[in-house]
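Me: I have a model open and would like to go through it slowly with you. Could you show it first, so that we can talk while looking at it?

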Amino acid sequence: MKGMMMWGLQQILSPVLLCAPLFIFAGGLMSESGIARSLLDYVDSFVGRIRGGLGVVAAVSCAIIGAISGSGLTGLAATGPILIPRMAERGYPRGYAAALVTDSSILGLLIPPSVVMVIYGWVTETSILACFLSTLIPGLMITFLFSVINIILARKFPLVMDPELPPAERRADKRKKFRAALPALLMPVIILGGIYGGIMTPTEAAAVAVVYSIPLGFWVYKGLTWSNFFRVTKDSASAVGTILLMIFCSLMLSQTYVMLQVPQEIVKTLFGVTESKVLLLILINFMLFFLGMIVNDITGVILVAPLLLPLVVAIGVHPVQFAAIIGVNLAMGGVTPPYASILYLGMRIGKVEFLDILKPAMTFILLGYVPVVFLVSFFPELSLFLPRVMGLLK
């Protein structure tokens, strides 16, 4: 037991893990600073006057914010209080608006940099940069599907549309909103450009995100005050403390699995049932989805990644592809009851009842997420193409 505790402590002290709390802190600063509002206004200038366009703004904005914060909860906290009332004012049912924003917010788990992918890469000793890229195409596909589904469903709502502006005024409005959003838009460019350009490690990029967010929040968008800055710092510290304690306990359990040779027994048992790669991948997807329904994403990764990695490697699945499979499934489970912490936060922010948000939320999951889960599982290039292009895989 003492050996396991020392091993877990060494893992927690790894410099790679430091980028997770830094991204959480950066996300908290972003949600208070006014960055999210400027991004929403800029995206709205392109599609806001299309019928159903405000729903597209929700999906696209959450994808952009996901590229900054790496967290579904942060994305929801940043966009929900702005978007849900705005959508309700335009004629969207409030439960539908809360469901769309909530489901879109979990794109933060897929659009890099993602805290979940940091944890996966750290636990499985896989390239974190490759893991980041593995979920980018799936995340963009889900963003596109959500936008299309929303435009189709929005036809039946009595939406109030903004009056069409003359071309000159429309161009002026876009320029004005672009200038306002430019500092915020530069944030993912700096973070991702620094990581993939080899200028910064993920941990250094997370630190840069924090340093960049502070002056942006205080002096550019002026949403940060000393009061909410200290509140964000306190909340982030509490969240990080909880996560690290959870990681430490989960690591001990994971190490126990290894000592008892549980992964090898799982491989042996499942191969005793079937050796079909298709059936095994379907079973693994059901297992991951069920896990996401009962635990949070970080706990799920720590518990399952080392447990199932020998199995997926044995059936010819690359560890980077498995990162995408596990990321999409756990993201989907995060808005599926009974655990569904992100869904319940969406209910609270949207001020809606459970039954009002459940049906539209599950509609987006079934039509937007489930197809991508199977595509990622059975078409490896969706998750491996970008890492190969970047030279991260052979």
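**Talking through the model**

Me: Is Glu125 buried or exposed?
Reply: Glu125 counts as exposed, because its relative accessibility is 73%. The cut-offs are under 20% relative accessible area for buried, over 50% for exposed and partly exposed in between, worked out with a 1.4 Å probe and the protein chains only. Please keep in mind that this is a predicted model, where local features need pLDDT of at least 70 and side-chain atom pairs count only at pLDDT 80 or more, while totals for chains, interfaces and linings use all residues. Residues are numbered from 1 along each chain as its sequence is written, and side-chain values use heavy atoms, with hydrogens and water left out.

Me: Ok, and where is the place of Glu125?
Reply: Glu125 sits in the loop between helix H7, residues 115–124, and H8. Helices here are DSSP runs of H or I with at least four residues, strands are runs of E with at least two, and both are numbered from the N terminus. Glu125 has a positive phi of about 55° even though it is not a glycine.

Me: Why would anyone remark on a positive phi in a residue other than glycine?
Reply: Most residues other than glycine have a negative phi. Lys351 is another residue here that is not a glycine and has a positive phi of about 55°, and it is found in the loop between helix H17 (341–350) and helix H18 (354–378). Lys351 counts as exposed, with a relative accessibility of 69%.

Me: Back to H7, then. How many of its residues are buried?
Reply: Ten of the ten residues of H7 are buried, so the helix is largely enclosed by the rest of the structure. Among them are Met117, Tyr120 and Trp122. At the start of H7, a side-chain oxygen of Ser114 reaches to within 3.3 Å of the backbone nitrogen of Val116.

Me: Which residues does Tyr120 contact, apart from its close neighbours in sequence?
Reply: Leaving aside neighbours within four places in sequence, Tyr120 is in contact (heavy atoms within 4.5 Å) with residues including Glu125, Cys131, Val301, Leu309 and Phe322. Tyr120 is also one of the residues with the most contacts inside the largest nonpolar core, which has 115 residues. Helix H15, residues 297–314, gives the most to this core, with ten residues. Such a core is a set of buried Ala, Val, Leu, Ile, Met, Phe, Trp, Tyr and Cys residues joined through side-chain atoms within 4.5 Å.

Me: Let's move along to H8. What does the side chain of Ser134 lie 2.7 Å from?
Reply: A polar atom of the Ser134 side chain lies 2.7 Å from the backbone oxygen of Cys131. Ser134 itself lies in helix H8, which covers residues 128–134, and at 0% relative accessibility it counts as buried. Beyond four places in sequence, Ser134 is in contact with several residues, including Met117, Val320, Leu382 and Pro387.

Me: New topic. How many salt bridges does a search of the whole structure find?
Reply: The search finds one salt bridge, meaning a side-chain nitrogen of Lys or Arg within 4 Å of a carboxyl oxygen of Asp or Glu. In this structure the side chains of Arg388 and Glu381 meet, at 2.4 Å from N to O. Arg388 is partly exposed, with a relative accessible area of 35%, and Glu381 is partly exposed as well, at 40%.

Me: And helix H9, what does Leu145 touch farther along the chain?
Reply: Leu145, which lies in helix H9, touches Leu367, Gly368 and Val372, not counting residues up to four places away in sequence. The C-alpha atoms of Leu145 and Leu367 are separated by 7.8 Å, although the two residues are 222 residues apart along the chain. Thr143 also lies in helix H9, residues 136–153, and is buried with a relative accessible area of 7%, whereas Leu145 counts as partly exposed at 24%.

Me: Last one, about the chain as a whole: how many helices and strands are there?
Reply: There are 19 helices and zero strands in the chain. Buried residues make up 56% of its 394 residues. Among the contacts with a separation of 6 or more, 80% join residues 24 or more positions apart.

Note on methods:
Polar contact = N/O pair within 3.5 Å; in protein donor to acceptor, adjacent residues only side chain to side chain.
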